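Q: Please take a close look at one part of this structure, the packing of a pair of helices, and then place that part in its wider setting. I am new to this structure, so kindly explain each term as it arises.

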Amino acid sequence: MSLLRHLLTLLVAMAALTLQAPAFAQGSPTIAPERQVLVMVRHPADHFQLNGSYGGGYGNDLQRSERERLARGIARNHGLKFVDGWPMPMIGVDCFIMAVPDGRSTAAAAQELSRDGKVAWAEPVQLYKTQATAALSPNDPLFRAQPAAREWQLAELHHLATGRGVKVAVIDSGIQADHPDLAGQLLINRNFVVGQTEVAESHGTGVAGIIAAKSDNGIGIAGVAPDARLLGLRACWQQRGADGATICDGLSLAKALYFAVEQKADVINLSLSGPDDRLLRTLIQAALGRGAVVVGAYDSDKPGGGFPASVPGVIAVSDHAFAGSAGRVYIAPGSGVPTTQPGGRWFLVNGSSFSAAHVSGLAALVRQRRRSAELTLVSDRPVGGTIDACATLERAATGCDCSCGGARLINATFAH
Amino acid sequence: MAEVGLSASLFSDDRFRGYSLSGERPVAMFDFAYDDPSGFYADSGAMVVFRQGGDLAPLGLQLNGGYARRLSSRTTIDFGVTHSTYSHYSSGGLPKSYTEIYAGITRGVLSSRVFLSPHYFRKGRRTAYGEINGNFSPIPKWSLNTHFGMLVPLKNPSATTYHTSVDWSVGVSRELGRLSLHAAWVGHARAPEPFSSRPLNASRPSRKALIFGLNVAL
């Protein structure tokens, strides 16, 4: 009993201290992301630490002390404020967040930091936007209303695969985990946006529904991969105001991407676009190197479809209506798509964000049938073009160059 | 860029491979670490024990140096040598020490090491110690740590018999800025006592213990 008492006392003390944690322990919600820079320093190789075995691994605290001392020194030397630190051993760096004083540009500060011999590289925290247009109106959902039901013959696809055993990371705004069409579909629902609490938002909930809404449950829609499981990783947030745009910052995206790779997500959906970013690019390459399929929304307003769609290995996806005259972009349904909405409702969405979600769902179906294979999309052009979902899945499942119902293909192209 | 770390800790007990060296009394620890960009590293630590009555006594001094190299994004190897000296408080008699060489591998959340000592707390007592550690972070700022170790006698001094012994721990820690809180359930089986006598003024330490404490990164 005395042991139990000690344990309870300790737990209560830990909980109390958690509630009183200083702001710098969780990053600084008071400093806008646009005023922050990310500073990458080479991460020393992990090794034996004195006192590292007992007491909950307190040898790790020494490494934390090393990292923070170095970061505080760098911040001091460059007139910046240390905010937080975050080890990323997977890509061999420690990432430090530093605030830039008003009146000084973050780009200039990052440039100056990059010339410091202690720094591997530095970059401003950049902002990204999801690729969606406003919802047309709320609508009663029906399977037949889903473009994928017609254009992709979703019911036929589900005879071959439903995404069972496949993990899809949705890096997006908040997902309503208890939506009747999504309840039980999320393995994890985690918030990476500093200074904000988890909240259900339109874009993330919509993307999640297209990928993995439950099927045959008598309500709403059927996801492209209804038996896949989602990692809901909130790195974006819906702005208040008339347009309700959904934006993301580079740091939150990096944290979510790192987590997705650590969790061995089979598919990573990035329905967003913004400026090229070395840290995010490095993490995407790490994901691809570990066999994950990364799907990005194509932004026709940006060269090459914007970042991350332009990263080699990332599948760039759009709808016909938003693709423009793009070369390597794949086309998937993205206009008038019914999907899940916060509040336990459904609505119609448009945008290449939702085309990307369709391809993430298709990638989950393919991954179920061929776990070790890369995603080979069958389309009507050598690279890019309209995806033949049936042929893509048939090829993965049976090796047959045929489409739904076994019809042999004549003009299909295998790519990616 | 070389990195230097300093930390101070308070713990309710000091357990070495499952065995309490502080007679289940609280300890304070001061640690220093240096990491060179070339991969070489060095650590040192000093411990004092809060004796009954409240006064402090030296408990031990540890030194460690080695080399670590990253083989891939998930895998590193390291090897080195560590030396620990414990005061007469721990041993219940004369100061005792041991030196070990070690080699290990870390892959993702798991690490494993083998330590070899030619004179493990006693001249001629040759031992091998193997350990597997896990370090998981299921929730940001929280970590779950597991440890399993086995000490195998390779050669016993004449007129002594030491047996294989095992130890283990399961711990949780919470990071709060520069402060971290720790709790661990630590135990051992089959008498791994490094000394022939118990710590001064201490009854025989229990085989299992909940230890907790805090660390401040300086």
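A: The part chosen is the pair formed by helix 7 (residues 250-262) and helix 8 (residues 278-289) of chain A, whose axes come within 10 Å and cross at roughly 15 degrees. Helices (H or I, at least four residues) and strands (E, at least two) are DSSP runs, numbered from the N terminus. Axes are lines fitted to C-alpha atoms, for helices over the stretch in contact, and angles run from 0 to 180 degrees between N-to-C directions. Helix 7 of chain A and helix 8 of chain A are therefore roughly parallel to each other; angles under 35 degrees count as roughly parallel, over 145 as roughly antiparallel, 65 to 115 as roughly perpendicular and the rest as oblique.

The model is predicted: local features need pLDDT of at least 70, side-chain atom pairs count only at pLDDT 80 or more, and totals for chains, interfaces and linings use all residues. Residues are numbered from 1 along each chain as its sequence is written, while chains are lettered from A and ligands numbered from 1 in the order in which they are written. The term pLDDT denotes the predictor's confidence in each residue, from 0 to 100.

The crossing of helix 7 of chain A past helix 8 of chain A is left-handed, a term used if the near helix is turned anticlockwise from the far one by less than a right angle, with right-handed used if clockwise. On the side of helix 7 of chain A, the residues that meet helix 8 of chain A are Gly250(A), Leu253(A), Ala254(A), Leu257(A), Tyr258(A), Ala260(A) and Val261(A). Their partners in helix 8 of chain A are Leu279(A), Leu280(A), Leu283(A), Ile284(A), Ala286(A) and Ala287(A). By class, this contact has 12 nonpolar residues, one polar and no charged. Two residues are in contact if their C-beta atoms, placed from the backbone, lie within 7 Å; Ala, Val, Leu, Ile, Met, Phe, Trp, Tyr, Cys and Pro count as nonpolar, Asp, Glu, Lys and Arg as charged, and the others, Gly among them, as polar.

Another pair in chain A is helix 6 (residues 202-212) with helix 10 (residues 352-369), packed at an angle of about 35 degrees with axes 8 Å apart. Helix 6 of chain A passes helix 10 of chain A in a right-handed crossing. Among the residues that meet are Val207(A) and Ile210(A) in helix 6 and Phe354(A) and Ala357(A) in helix 10. The contact of these helices comprises six nonpolar, six polar and no charged residues.

As for the wider setting, chain A is assigned domain 1 (21-125) and domain 2 (129-415), with bounds from an automatic or database domain assignment. Each of the two domains gives 16 residues to their contact. Strand 1 of chain A contributes the most to the domain 1 side, with three residues, and that side divides into 12 nonpolar, three polar and one charged.

A cis peptide bond joins Phe307(A) and Pro308(A), with omega about 10 degrees. Pro308(A) lies in the loop between strand 13 (293-297) and strand 14 (315-318) of chain A.

Chain A also touches chain B, with 43 residues from chain A and 59 from chain B. Strand 1 (residues 3-11) of chain B gives the most to the chain B side, with seven residues. The predictor gives the complex an ipTM of 0.83 and a pTM of 0.74.
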